[in-house]
Amino acid sequence: MTQSSIERCVIVGASLAGFRSARELRRLGFKGEIVLIGEEHHHPYQRPPLSKQILKGTTSKERVYLRGTVEEPFSLRLGVTATSIDQNNRVVFTSDHEDLSYDALIVATGATPITPPGLAPSTRVMYFRTLDDAVKLRASISSSMRIGILGAGFIGSEIASSLVGQVSDVVLFDASPTPMAQALGTHLAKKLSDLHRKMGVKTCFGEPIGVVETDAGSTLIANGSSKSYELDLLVVGVGVRPATNWLGQDSGFQLGREGALLADSCGRIDEEGVHFAVGDVASWYSPHYKKNLHIEHFESAVNQALNVARYITNAEQVVHELPFAWTEQHGHLIQTIGVRTEGSEEEVITKDAQTVVYFHDGLRLTGAALFDGSEHLPEIKSRITNSLE
Amino acid sequence: MKIEVDFDKCQSNAVCMQIAPSIFEVREDGFLYILNESPDNSMRSIVEKAVASCPTQAIKIV
């Protein structure tokens, strides 16, 4: 499909990836109509500040809205959900019944929080994904509160770091023995675990969790196997699942192990190059790693959006960056570059307050994690790229 | 040398401002402003340091 034959590009999901795709298409001179539809009522916004500055109260809601102007705008339909598609006739059906035909479709529907089995819905259990979730949590905290966080991945760990000191108790639960170990490896996960405790976060790691809710008005008790904690609120962050259900069971689009849409290295999810996927809902083929990677981070969402726009307009070459993510906790900056494969060997380099951990998979250097070591990133990036060639 | 900032990636951490205050400024409104988009080459090494140190990798030299 060539650009000139695309009269209308529909983008489903007014997320970072969706919004950025629209803006980049325009920036690269795409002449057709662009319609962006989004489920939430908010103007598209970025998620990194939700679990950090918003919870700490150091930024406003307005600050998280994505900025940037476009000379020739696109239509933004907010509060509208895509309910299904007819791929053959190229139509998206929507909740407001103003169905949209398209010549190109970009799926950017993101992901939805996983609900742990056995955890009943309750006013004292909340999930954390959207701007409304963050604002609601921020508004509900008080200095006497005891808050539990289920799941010590990026989000859970950041929430713990942001809330400690603002409330009476912060208890971080995870069935794994350390936080964020999948991304950071053993050494840095241990370091982060110690840091959480030093800063006053209570940790309950490596134990199965059971949640008991007592009568209305009383407290929720989360039981580790060896100890129980009385809580006023439990925030759940045990991961997300790509939001593909609306496409239907027999859409013909292939899903990867994590349930994400399998895309090639330009974001195409079909043979014709009419359907694309970007962001948390997608798993792109990585020429660096020679396999599909499902990455739920800001940087990948942006890079994929730029690449789809480049591919559709044919105005620029597609650029394949290494996966990159960052988090800030207790005043420390932690970054990951590349990929840490399961069972990889760790080479730990510590200098002053900085730590860099290299992940070796056999002879290949596949990734690294940096603790307050930002300035080494360019050099580490080229080492990894060279090693993967 | 021309400096480009991806304002979606930028989180206003102000690390760049600490390294090169004549070029980057995070103001009261919480946004980053580029004071000089095309500094001359004598500034290159300091700008490169700001690029490398940006926590969110939002700055590029183009």
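**Helix 1 of chain A and the interface with chain B**

Helix 1 of chain A runs over residues 16-27, a stretch of 12 residues. From its first C-alpha to its last it reaches 16 Å, close to the 16 Å expected at 1.5 Å a residue. The model is predicted. One residue of this helix, Arg20(A), forms a salt bridge with Asp8(B), and the backbone oxygen of Asp8(B) also lies 2.8 Å from a polar atom of the side chain of Gln46(A).

**Helix 1 and its surroundings**

- Helix 1 of chain A is mostly covered, with 11 of its 12 residues buried.
- The buried residues include the charged side chains Arg20(A), Arg23(A), Glu24(A) and Arg26(A).
- Also buried in this helix are Leu16(A), Ala17(A), Gly18(A), Phe19(A), Ser21(A), Ala22(A) and Leu25(A).
- The cover over these buried residues includes three strands of chain A, namely strand 1 (8-12), strand 2 (33-38) and strand 7 (104-107).
- Helix 6 (298-313) of chain A is also among the elements that cover them.
- After helix 1 of chain A comes Gly29(A), which has a positive phi, near 90°.

**The interface of chains A and B**

- Contact between the chains involves 18 residues of chain B and 24 residues of chain A.
- About 1,700 Å² is buried between chain B and chain A, and 45% of it is on carbon and sulfur atoms.
- There are 4 salt bridges between chain B and chain A.
- By class, the side of chain B that touches chain A has 7 nonpolar, 7 polar and 4 charged residues.
- One salt bridge pairs the side chains of Asp8(B) and Arg20(A), at 2.8 Å from N to O.
- Across the interface of chain B and chain A, 9 residue pairs are in polar contact, with both residues at pLDDT 80 or more.

**Gln46(A)**

- Gln46(A) is in the loop that lies between strand 2 and helix 2 (50-56) of chain A.
- Gln46(A) counts as buried because its relative accessible area is 3%, and the cut-off for buried is under 20%.
- The side chain of Gln46(A) makes a polar contact of 3.0 Å with the side chain of Gln11(B).
- A polar atom of the Gln46(A) side chain also lies 2.8 Å from the backbone oxygen of Asp8(B).
- Leaving out residues up to four places away in sequence, Gln46(A) touches Phe7(B), Asp8(B), Cys10(B) and Gln11(B) of chain B.
- On the chain A side, under that exclusion, Gln46(A) touches Arg63(A), Val64(A), Leu66(A) and Phe298(A).

Definitions and conventions
Residues are numbered from 1 along each chain as its sequence is written. Chains are lettered from A and ligands numbered from 1 in the order in which they are written. This is a predicted model: local features need pLDDT of at least 70, side-chain atom pairs count only at pLDDT 80 or more; totals for chains, interfaces and linings use all residues. Side-chain values use heavy atoms; hydrogens and water are left out. Helices (H or I, at least four residues) and strands (E, at least two) are DSSP runs, numbered from the N terminus. The expected span of a helix is 1.5 Å times one less than its number of residues. Buried means under 20% relative accessible area, exposed over 50%, partly exposed in between (1.4 Å probe, protein chains only). Contact means heavy atoms within 4.5 Å. Buried area is the accessible area (1.4 Å probe) that two parts lose on being put together, summed over both. A polar contact is a pair of N or O atoms within 3.5 Å; within protein, one must be able to donate a hydrogen and the other to accept it, and residues adjacent in sequence count only if both atoms are side-chain atoms.
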